[in-house]
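Open the model in your viewer, have the selection box ready, and follow along stop by stop. Each step names something to pick and then says what you will find there.

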Amino acid sequence: MTDDPAVPTRSPREQARARRFAEGYDRMLAGLERRVLADVRRRLLADVRGHVVEIGAGTGANVEHYAAATPVDLVEPLPAMREQALRRVAGRAAGAASMRVLAGRAEALPVPDGVADAVVSTLVLCSVDDVGAALAEVARVLRPGGAFLFLEHERGRGARGWVQSALTPLSVRYAANCHLDRDLGAGLDRAGFEIVDPLVVDAPLAVRLLPDWPLRAGRARLAATACGAASA
Ligand SMILES: C[S@@+](CC[C@H](N)C(=O)[O-])C[C@H]1O[C@@H](n2cnc3c(N)ncnc32)[C@H](O)[C@@H]1O
């Protein structure tokens, strides 16, 4: 049983691991956040306007970067992550965007059809149970012409990719379902998204003793055929 309807049934042991991951998350990423991630988040989100839905918002690392968006719905399944996101939202600057923290999974977003000017996903598509279902939900909640803004790690080429695949059972177990070896481009493609505005990310994802993985960020839109199919 889980303590939250937004989280699919997990054993008590899995829940305890997920809680430990959530509680140590900001500490674990602090160095990388300073060196790389904060700058990419800032560049990715500075110009986003209107109603934003963020999936897998975690501890709220993007909260301070929404300079021009409002309202912002931060959707997150893990209670221990949401508690930290709520503290970040409460501590944001006066006059900042209107924000809500919602319990929910990317595969079943608690948001009506077509309301979002942008959907944001940072380091999340590695962790969802079903990438196809999550991106179908992104497409459902985006208004026509809306943007999907992403910052994700992905499978590297050659030997690096094999190492990522070999380590994935461990990261799934100890890093809250994180798959190190997902093919981001193929997932976006299958869901009908095309990357229209890639962001240059110079540094890889490097956490403590682990080998580093490529990071990719940018803005994607539903390709015309997928838009047509969605509205047909
Ligand atoms: C690596 S953390 C990233 C957190 C935050 N987005 C960031 O940029 O720091 C992955 C997040 O995805 C969340 N997550 C896992 N499965 C999910 C799902 N099915 N739907 C939405 N979020 C999910 C986790 O709870 C966690 O908060």
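Begin by selecting Ala 176, which sits in the loop between α4 (158–174) and α5 (184–190). This is a predicted model, so everything on the tour is read from predicted coordinates. Check the backbone first: Ala 176 is not a glycine, yet its phi is positive, at about 50°. Is Ala 176 buried or exposed? Ala 176 is buried, because 23 other C-beta atoms lie within 10 Å, and the threshold for that class is 20 or more.

**The sheet**

Now hide the side chains and show the strands as a cartoon. You should see an open sheet of seven strands with mixed pairing, in the order β3-β2-β1-β4-β5-β7-β6. Colour β3 (99–103) and β6 next: these are the edge strands, each pairing on one side only. From one strand to the next, the twist averages 25°.

Select β1, residues 50–55. This strand is mostly covered, with five of its six residues buried. To one side, β1 pairs with β2 (residues 69–76) in the parallel sense, over five bridges. Pick Glu 54 to see one such match: its bridge partner in β2 is Leu 74. β1 also runs parallel to β4 (residues 116–122), and four bridges join the two. Here, Val 52 has Ala 118 in β4 as its bridge partner.

While β2 is on screen, select Pro 71, which is found in that strand. Look at the peptide bond leading into it from Thr 70: the bond is cis, with omega near -5°.

**Along β4**

Which strand holds Asp 117? Asp 117 lies in β4. With 16 C-beta neighbours inside 10 Å, Asp 117 counts as partly exposed. Show its contacts beyond four places in sequence and you will find Arg 49, Gly 50, His 51, Val 52, Arg 143 and Gly 146. Try a distance label on the last of these: the C-alpha atoms of Asp 117 and Gly 146 are separated by 4.8 Å, although the two residues are 29 apart along the chain.

Before moving on along the strand, keep one general point in mind: side chains in a regular strand alternate between the two faces of the sheet.

Then select Val 119. Leaving aside its neighbours within four places in sequence, Val 119 is in contact with Val 53, Ile 55, Val 138, Val 141, Leu 142 and Phe 148. Val 119 also belongs to the largest nonpolar core, which has 57 residues. Val 52, Val 119, Phe 148 and Leu 149 are the residues with the most contacts inside that core.

Continue to Leu 123, placed in the loop between β4 and α3. Leu 123 is another residue other than glycine with a positive phi, here near 60°. It counts as partly exposed, because it has 18 C-beta neighbours inside 10 Å.

**The ligand**

Select the ligand and expand the selection to its surroundings. How many residues surround the ligand? There are 20, and the closest are Gly 56, Gly 58, Ala 106, Thr 122 and Ser 127. Colour the shell by class and you get 11 nonpolar, five polar and four charged residues.

**The far end of the sheet and its helices**

Turn to β6 and β7, which pair in the antiparallel sense over six bridges. Within this pair, Leu 199 stands opposite Ala 217 in β7. Add helix α3 (residues 131–141), which packs on the sheet and touches β1, β4, β5, β6 and β7. The direction of α3 makes about 145° with that of β5. Helix α1 (residues 12–45) lies across β4, β5 (142–153), β6 and β7, and runs at about 170° to β5.

**Last stop**

Finish at Leu 205, in the loop between β6 (193–199) and β7 (215–222). Is this loop residue buried or exposed? Leu 205 counts as buried, because it has 22 C-beta neighbours inside 10 Å. Beyond four places in sequence, Leu 205 is in contact with Leu 32, His 153, Asp 212, Trp 213 and Leu 215. For a final distance label, pick Leu 205 and Thr 59: their C-alpha atoms are separated by 18 Å, and the residues are 146 apart along the chain.

How values were computed
Residues are numbered from 1 along each chain as its sequence is written. This is a predicted model: local features need pLDDT of at least 70, side-chain atom pairs count only at pLDDT 80 or more; totals for chains, interfaces and linings use all residues. A residue is buried if 20 or more other C-beta atoms lie within 10 Å of its own, exposed if 12 or fewer, and partly exposed in between; C-beta atoms are placed from the backbone. Two residues are in contact if their C-beta atoms, placed from the backbone, lie within 7 Å. A residue is near a molecule or strand if its C-beta atom, placed from the backbone, lies within 6 Å of it. Ala, Val, Leu, Ile, Met, Phe, Trp, Tyr, Cys and Pro count as nonpolar, Asp, Glu, Lys and Arg as charged, and the others, Gly among them, as polar. Two strands pair if DSSP finds at least two bridges between them. A nonpolar core is a set of buried Ala, Val, Leu, Ile, Met, Phe, Trp, Tyr and Cys residues joined through C-beta atoms within 7 Å. Axes are lines fitted to C-alpha atoms, for helices over the stretch in contact, and angles run from 0 to 180 degrees between N-to-C directions.
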